[in-house]
Amino acid sequence: MNKKINKIKKFKYKYGFYTKIKSKTLPLGINKNIIKKISKIKKEPKWMKKWRLKNFKYWIKNNKYPKWANLKYKKINFNFISYFSEIIKNKKTNKKINKTFKKLGVPINNKKKNISIDYVFDSTSIKTTYNKILKKYGIIFCSINKALRKYSKLVKKYIGTVVPLNDNFYSNLNSSVFSDGSFCYIPKGVKCPIELSTYFRINNNLIGQFERTLIIVDEGGYVSYLEGCTAPIRNNNQLHAAVVELIALKNAKIKYSTIQNWYSGNKKGKGGIYNFVTKRGLCYKNAKITWLQVETGSSITWKYPSCILKGDNSIGEFRSISLTKNYQQIDTGSKMIHIGKNTKSIIISKGISLNNSKNTYRGLVKFEKNSKNSKNYTQCDSLLIGNKCSAFTYPSIISMNSSSKIEHESTILKIEEEQLFYCNQRGLNKEIAMSIIINGFSIEVIKKLPLEYSLEAKELLNLNLKKTVG
Amino acid sequence: MLIIKNLYVKIKNNLIIKKLNLKINKGEIHILMGPNGSGKSSLSYTITRKVNYNIYKGKIKFNNKLINKLNTYEVSKLGIFLSFQYPIEIYGITMFNFLKNLFKKNKNKYIKYIFKLCNKLDINKKYLNRYFNYGFSGGEKKKNEILQMLILKPKFSILDEIDSGLDIDSLKIIFNNIKYYIKKKKDSSFLIITHNTNIINYIKPNFIHILYNGKIIKTGNLHLLNKINKYGYKNIINF
């Protein structure tokens, strides 16, 4: 604990550095030519180029900027963003990249045997480690670009099936200009023996990052996947618009964890990442998808990891901790669409707000007509620390049959004065006391994370607390 | 050691302690009694500087240091310990991990030390892996308080109804440990809040005070206890 305290005292957003590196960046703005160029640089198959252009056409035509979220920010100028930036690969830049990831605590040449990492730097994937071990099991884990070239048929079959063309403004934009992300395929009956992970890093000043991740787990397979995110400290806002699609075929299981620690802006709310993310999974019969997320970064977060429970007996889970401080705003939650019979879903959302921040839960639980005997349990807890922060809950429930059950619990707490008093009385200072209480508040989510990351998540929460408490 | 002079305490405009004077020297054991709602717990919260227990007038000094304006944490660091009447539960942190935080140095030795104290207090080690006080019985919670006292080694301890809700065996164990602590640390002082006049069977106090309506109305020795037993508070108050 002593070590921890020392660490806490030295707090700074330690991922806020910038790597000066030679790169090829496309001019600002978005148009057909830019998209064609991206596709050309990536050496994509023709169908992909067509697909991108189709999405772009739709985006231009139905360009309705979404305003329904409980977020306040300046409208984004989409012509003031560069949509692609790639490092010029040579020995010198390679060294710099290695240094960067080492500094971020995820060295590329790591010797951990229980994890395979895909490193995404600005618009491209730099490297994917431990491909060989995975090959033995027939598991495909690589950047989505490589997949587009090597496993074109597989990608074509699934991409855009969970998040369709007309889904939303940002997913549409992403489908037109996405540059990189991860692709994963787990064959029939294979339980992936190691953790798969992607580390996203935004470095360039003017780019937007548009990641696209597609995970397919074939019948009876299992995978645990984790993404981590960081970006340098900057005064301007940067856009990150991602689309993640999960497909769990019959009897398959997917666990998808996120530790989101983008730069969140300074004390006055200047700078930070705009994080607009569409994440959705499709469950076939007896399949299970679990979304776990720890959200501490970004100045704006707009994110609703959801499950479509299409197959009978399928299960969807969403567990989230979101911590906001300074002027951060977060609008997050989940959609659980029950279509099959006997489907189950759990939503557990824990929001912690500090300073002047705004923390919103928004959820939808829907039972279709044929989704008989299905169940949902929702729990949304908000913890307020201080007098200027706020917490909101917008749950929607739609049931189209009479045999399904929904439970919804919701609490808003102020920090427990009695617990604080007790800890202080025992000679524990406010920082430690708070971290004990917050940990208790969020343990239901943290303990579900893969072990290594649960420690990381705990530390991250503590570090973020320090900034404001004490 | 502890000197309270002419103390007035307010919670939101309600005067809950009025003109209270108390002096506790090194190595002394004081017992504080009084009918329900007389302000016993309020006094302990005031000494430990709980928020909202505002000192309106008067002084509290500990080892010649004025503690009126200190906060709970700072008071605790001076060596003042409060054993709570109703110890709180904290979900999400195990008892063991909580206790670990109480050690200052020599962290390598704490595991053995905690085990030793558990044996002494007859606490099942299983509890160490449970969330702090979560689902503990009343007796286990009180033992947990004394366990923490033994770890923190305070100069001055307030025990707020440490004896309420305990069976005879637990009571004996707890007081044996308190006595052991006094023996080892002779200059430590105690303020024991209780309703139980049989407490003298377990521990020998130097003084007994009766608090009524926010004020100490009587101070005496063991004879006072006999009087309380015989006549009840009411008659003493009316004297």
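Here are some worked exercises on a predicted model of two protein chains, A and B.

## Exercise 1: The interface

**Task.** Describe the contact of chain B and chain A: how many residues take part, what area is buried, and how many salt bridges and polar contacts cross it?

**Solution.**

Step 1. Start by counting residues on each side. Chain B gives 29 residues to the contact and chain A gives 20 residues.

Step 2. Next, turn to area. The size of an interface is often given as the accessible area lost when the parts come together. Between chain B and chain A, about 2,200 Å² is buried, and 62% of that comes from carbon and sulfur atoms.

Step 3. Now look for specific pairs. The rule finds two salt bridges across the interface of chain B and chain A. It also finds 14 residue pairs in polar contact there, with both residues at pLDDT 80 or more.

Step 4. Locate the elements involved on one side. In chain B, at least two residues each of the side that touches chain A come from α2 (72–77), β6 (80–83), β7 (90–94), β8 (131–132) and α5 (138–152).

Step 5. Finish with the classes. That side of chain B has 16 nonpolar residues, seven polar and six charged.

## Exercise 2: A salt bridge between chains

**Task.** Which residue of chain A forms a salt bridge with B:K50, and is each partner buried or partly exposed?

**Solution.**

Step 1. Find the partner. B:K50 pairs with A:E418, and their closest N and O atoms are 2.7 Å apart.

Step 2. Place both residues. B:K50 is in the loop between α1 (40–47) and β4 (54–62) of chain B, while A:E418 is in helix α9 (residues 417–425) of chain A, so this pair joins two chains.

Step 3. Check accessibility. B:K50 has a relative accessibility of 12% and counts as buried, because buried means under 20%. A:E418, at 32%, counts as partly exposed.

## Exercise 3: The loop around B:K50

**Task.** In the loop between α1 and β4 of chain B, what are the phi values of B:R49 and B:N52, and how accessible is each residue?

**Solution.**

Step 1. Take B:R49, which is found in this loop. Its phi is near 55 degrees, a positive value in a residue other than glycine.

Step 2. Take B:N52, also placed in the loop between α1 and β4. Here phi is near 80 degrees, again positive in a residue other than glycine.

Step 3. Add accessibility. B:R49 is buried at 11% relative accessible area, whereas B:N52 is partly exposed at 49%.

## Exercise 4: Salt bridges within chain A

**Task.** Which partners do A:R212 and A:K303 have, and are these residues buried or exposed?

**Solution.**

Step 1. For context, the structure holds 15 salt bridges over all chains.

Step 2. Pair A:R212. Its salt bridge is with A:E245, where the closest N and O atoms are 2.8 Å apart. Since A:R212 lies in strand β8 (residues 212–217) and A:E245 in strand β10 (residues 237–248) of chain A, the pair ties together parts that are 33 residues apart in sequence.

Step 3. Read off their accessibility. A:R212 is buried at 1%, and A:E245 is buried at 0%.

Step 4. Pair A:K303. A:E295 is its salt-bridge partner, with the closest N and O atoms 2.3 Å apart. A:K303 is buried at 1% relative accessible area, and A:E295 is buried at 0%.

## Exercise 5: The setting of A:T278

**Task.** Where is A:T278, is it buried or exposed, and what does it touch?

**Solution.**

Step 1. A:T278 sits in strand β12 (residues 272–283) of chain A.

Step 2. Its relative accessible area is 5%, so A:T278 is buried.

Step 3. Leaving aside neighbours within four places in sequence, A:T278 has contacts that include A:V163, A:D167, A:V244 and A:W302. A:N168 is also one of the contacts, and the side chains of A:T278 and A:N168 are joined by a polar contact of 3.1 Å.

## Exercise 6: A sheet in chain B

**Task.** What is the strand order of the open sheet of four strands in chain B, and which strands stand at the edges?

**Solution.**

Step 1. The order is β2-β1-β4-β5, with antiparallel pairing.

Step 2. β2 (14–24) and β5 (65–66) each have a single partner strand, so one side of each is left without a neighbour in the sheet.

Step 3. Zoom in on one pairing. Strand β1 (residues 2–11) runs antiparallel to β2 of chain B, and seven bridges join them. For B:L2, the bridge partner in β2 is B:I24.

Terms used. Residues are numbered from 1 along each chain as its sequence is written. Chains are lettered from A and ligands numbered from 1 in the order in which they are written. This is a predicted model: local features need pLDDT of at least 70, side-chain atom pairs count only at pLDDT 80 or more; totals for chains, interfaces and linings use all residues. Side-chain values use heavy atoms; hydrogens and water are left out. Contact means heavy atoms within 4.5 Å. Buried area is the accessible area (1.4 Å probe) that two parts lose on being put together, summed over both. A salt bridge is a side-chain nitrogen of Lys or Arg within 4 Å of a carboxyl oxygen of Asp or Glu. A polar contact is a pair of N or O atoms within 3.5 Å; within protein, one must be able to donate a hydrogen and the other to accept it, and residues adjacent in sequence count only if both atoms are side-chain atoms. Ala, Val, Leu, Ile, Met, Phe, Trp, Tyr, Cys and Pro count as nonpolar, Asp, Glu, Lys and Arg as charged, and the others, Gly among them, as polar. Buried means under 20% relative accessible area, exposed over 50%, partly exposed in between (1.4 Å probe, protein chains only). Two strands pair if DSSP finds at least two bridges between them.
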